[in-house]
Amino acid sequence: MTDALLTPRQTWVHLLVWCPADTSNPREEDQLWPRVLQVARGDEAGPPGVVLRPGEPVRHAAERVAGALGLTLPPLRLLAVDQQPAEGDDLEQLGLVLDGGRLAANALRSCDCDSAHELVWTPVGELGRVALVHALRTLLLDERPAVLWQGLPAARGSGPGAGTW
């Protein structure tokens with residue numbers, strides 16, 4: 001057994017939910033790209049997601065996220081895998097970004113969770129997480145899912161943890 005398999009890891013299942021560009025002002029460059037749904041807590045924002053429970057199928061975790069948002073999931077499609085190494089006392093993070101579907105900005109209802117946050121539509125240029133940009137490219141350009149190591153594209157079969165997923 002390799003060390004990569006023994007490293008404690010927290011696996012997240014995130015949904016990429018996007019809203020088509022606002023074409024009311026086609027000269028505005030920021031309006032040409034779709035916007036992405038994020039959960040904002042204070043100064044931090046990230047895609048809606050949950051931690052995968054031990055033995056839980058990825059589809060079930062994705063359905064938990066979709067249910068909290070009141071969404072119906074499209075067919076399950078992996079868009080990006082983002083692996084972040086352990087830092088300090090934090091566990092290694094593995095983020096699976098799945099297709100959460102397309103939605104009109106005004107069609108989203110408030111979330112059924114109990115935490116203090118808000119749902120925001122974020123322009124692609126303001127996304128703080130590179131994995132979301134790669135996931136959006138995968139979806140819109142019909143590319144292979146992106147595999148990222150510390151937010152950067154990783155060559156398949158190389159680097160830490162290669163072949164462990």
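**Confidence across the predicted model.** The protein averages a pLDDT (the predictor's confidence in each residue, from 0 to 100) of 80, and 74% of the residues score at least 70. Over residues 156-165 the pLDDT drops below 50, yet this stretch still has 16 contacts (heavy atoms within 4.5 Å) beyond near neighbours in sequence. Where pLDDT is low, the predicted coordinates shouldn't be read in detail. A bit of bookkeeping: residues are numbered from 1 along each chain as its sequence is written, and side-chain values use heavy atoms, with hydrogens and water left out. Since this is a predicted model, local features need pLDDT of at least 70 and side-chain atom pairs count only at pLDDT 80 or more, while totals for chains, interfaces and linings use all residues.

**Close-up of glutamine 38, a buried residue.** You'll find glutamine 38 in strand β2, residues 35-41 (strands are DSSP runs of E, at least two residues, numbered from the N terminus). Glutamine 38 counts as buried because its relative accessibility is 2% (buried is under 20% relative accessible area, exposed over 50%, partly exposed in between, with a 1.4 Å probe and protein chains only). Leaving out residues up to four places away in sequence, glutamine 38 touches several others, including Ala45, Pro47, Glu118 and Leu132. Its side chain also makes a polar contact with the side chain of threonine 122, at 3.0 Å (a pair of N or O atoms within 3.5 Å; within protein, one must be able to donate a hydrogen and the other to accept it, and residues adjacent in sequence count only if both atoms are side-chain atoms).

**Close-up of arginine 102, an exposed residue.** Arginine 102 sits in strand β6, residues 92-102, and has a relative accessible area of 58%. Apart from neighbours within four places in sequence, arginine 102 is in contact with Trp18 and Pro20. Proline 74 is 28 residues from arginine 102 in sequence, and their C-alpha atoms are 9.1 Å apart in space.

Terms used
Helix = DSSP H or I, 4+ residues; strand = E, 2+ residues; numbered from the N terminus.
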